[in-house]
Amino acid sequence: MPITIRKGRRTPEEVRRDAVAAARALLINEGPQAVTLKAVAKSLGMTHGNITHHFGSVGGLHAALIGAMTRELTAIVGHLAAEMRAGRASPREIVDTVFDAFGRGGATRMIAWVELSGK
């Protein structure tokens, strides 16, 4: 999901979508501690207050990021399961996809950091 930086008014849905994409980029590139309201706002050329307005708190941003990652993974695994039933994918592909999401995709680090930090 590309990050959109633009001047002018965005819809609330666009702000939330772009903020989650920016948070994901921060997670992958800098780690979970970098996923802050201020950092997301800066990457989008917005104010901290504007991002706070859309998520309520950094916890709301983290929840939105984890939710988006979970929905994406669920859709991918669902597709692969259908492909496996049709004989076009293997169980190994499903396992590899899940491990990639939790490894390179940053999901494990984000979830563990949120839990361990009490955020």
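**Figure 1. Helix after helix, from the N terminus on.** The elements of the chain run α-α-α-α-α-α. That makes six helices and zero strands in this predicted model. Among the helices are α1 (12–30), α4 (58–85), α5 (91–102) and α6 (107–117), and we'll meet these again around the largest pocket.

**Figure 2. The whole chain, end to end.** Here's the C-alpha trace, which spans about 50 × 35 × 20 Å along its principal axes. Take the contacts with a separation of 6 or more: 53% of them are accounted for by residues 24 or more positions apart.

**Figure 3. Inside and outside.** The chain has 119 residues, and 32% of them count as buried. As for the outside, the accessible surface comes to about 7,200 Å². Carbon and sulfur atoms own 59% of that surface.

**Figure 4. A look into the largest pocket.** Its volume is about 270 Å³. Lining it are 15 residues, and the ones closest to the centre are M69, E72, L73, A101 and A107. Sorted by character, the lining splits into nine nonpolar residues, three polar and three charged.

**Figure 5. Which helices build the pocket wall?** Four helices chip in with at least two lining residues each: α1 (12–30), α4 (58–85), α5 (91–102) and α6 (107–117). Helix α4 gives the largest share of the lining, with six residues. M69, E72 and L73, three of the residues closest to the pocket centre, sit within the 58–85 stretch of α4.

Conventions. Residues numbered from 1 in each chain as written. Predicted model: local features only at pLDDT ≥ 70, side-chain atom pairs only at ≥ 80, totals over all residues. Heavy atoms only, no water. 1 Å grid on protein atoms, 1.4 Å probe; cavity = no way out; pocket = protein on both sides within 12 Å on 5 of 7 lines; lining within 4 Å. Points joined across faces, edges and corners; volume = space filled by probe spheres on them. Nonpolar A, V, L, I, M, F, W, Y, C, P; charged D, E, K, R; others polar. Buried < 20%, exposed > 50% of the residue type's maximum accessible area, 1.4 Å probe, protein only. Contact = heavy atoms within 4.5 Å. Areas by Shrake-Rupley, 256 points an atom, 1.4 Å probe, with all protein chains shown as cover.
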